[in-house]
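Trainee: Please give me a close look at the salt bridges. Which residues take part, and where do they sit in the fold?

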Amino acid sequence: QVQLVESGGGLVQPGGSLRLSCSASGSIDSILSMSWFRQAPGKQRERVASLTSGGSTSYADSMKGRFTISRDNAKNTVYLQMNSLKPEDTAVYYCNAYVRVGGGPWNPYWGRGTQVTVSS
């Protein structure tokens, strides 16, 4: 099985910065992509940023220019650097990865999430 574990969430003041980490472990053949999603209370889960194995990145419009996704392939870890944080960024942030296991198909896996709270 594949496990994804997020870390780095917490309380930060508006305008501050935070870096989230997500490490993948288990019987992984390869990782096609890793992404960050978030879900605020009463709202739909939304994609924040994605990074493919080829190095291509994509961001939601509201996060573009403030957030940066990166990876450390040796550690199977993806990061989300969040700058100029706003109260509306408050949400549970989830890590997602498309993983191939044992020569099978690409399947999505999810972490359990880490809370980010932006408040003065």
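Mentor: The salt bridges come before the strands, the turns and the pocket.

This is a predicted model, with local features needing pLDDT of at least 70 and side-chain atom pairs pLDDT 80 or more, while totals for chains, interfaces and linings use all residues. Numbering runs from 1 along each chain as its sequence is written, and side-chain values use heavy atoms, without hydrogens or water.

Take the count. There are 3 salt bridges (a Lys or Arg side-chain nitrogen within 4 Å of an Asp or Glu carboxyl oxygen). R38, E46, R66 and D89 are linked by salt bridges into a network.

Start at R38. Its side chain meets that of E46, with N and O 2.8 Å apart. R38 also meets D89, here at 2.9 Å from N to O. The link to D89 joins distant parts of the chain. R38 belongs to strand β4, D89 lies in the loop between β8 and β9, and 51 residues separate them. Strands are DSSP runs of E, at least two residues long, numbered from the N terminus.

Now go to D89. This residue has another partner, R66, and the closest N and O atoms of that pair are 2.8 Å apart. Again the contact links distant parts of the chain. R66 sits in the loop between β6 (57-59) and β7, 23 residues from D89.

How do the four residues stand in terms of burial? D89 has a relative accessible area of 0%, so it is buried (under 20% is buried, over 50% exposed, in between partly exposed; 1.4 Å probe, protein chains only). R38 counts as buried because its relative accessibility is 6%. R66 is buried too, at 12%. E46 has 32%, so it is partly exposed.

The loop that holds D89 has another residue to check. S84 also lies between β8 and β9. Its phi is near 50 degrees, a positive value in a residue other than glycine. S84 is partly exposed, with a relative accessible area of 39%. N76 makes a useful companion. It sits in the loop between β7 and β8. Phi of N76 is near 50 degrees, also positive in a residue other than glycine. At 30% relative accessibility, N76 is partly exposed.

Next come the strands on either side of N76. β7 and β8 belong to an open sheet of 4 strands, ordered β1-β3-β8-β7 and paired antiparallel (two strands pair if DSSP finds at least two bridges between them). The edge strands, β1 (2-7) and β7, each pair on one side only. From one strand to the next, the twist averages 15 degrees (angles, from 0 to 180 degrees, are taken between N-to-C directions of lines fitted to C-alpha atoms). Inside the sheet, β3 (residues 18-26) and β8 run antiparallel and are joined by 6 bridges. L20 stands opposite L80 in β8 there.

Follow the chain on to β9 (91-100). This strand pairs antiparallel with β10 (106-110) over 5 bridges. V99 stands opposite N107 in β10. The two strands form a hairpin, with 5 residues between them. In that turn, G102 has a positive phi of about 60 degrees. G103 lies in the loop between β9 and β10 as well. At 57% relative accessibility, G103 counts as exposed. Its C-alpha is 7.1 Å from that of D29, although the two are 74 residues apart in sequence.

Back to β4 (30-39), the strand of R38, and to the pocket. About 180 Å³ lies in the largest pocket. A pocket is an open set of points on a 1 Å grid over the protein atoms alone where a 1.4 Å probe fits, with protein on both sides within 12 Å along at least five of seven lines; lining residues have an atom within 4 Å of a point. The volume is the space filled by probe spheres on points joined across faces, edges and corners.

Of the 13 lining residues, I31, M34, S53, R71 and N73 are closest to the centre. β4 gives the largest share, 4 residues. β5 (46-52), β7 (67-72) and β8 (77-82) each supply at least two, as β4 does. By type, the lining has 5 nonpolar, 6 polar and 2 charged residues (nonpolar: Ala, Val, Leu, Ile, Met, Phe, Trp, Tyr, Cys, Pro; charged: Asp, Glu, Lys, Arg; polar: the others, Gly among them).
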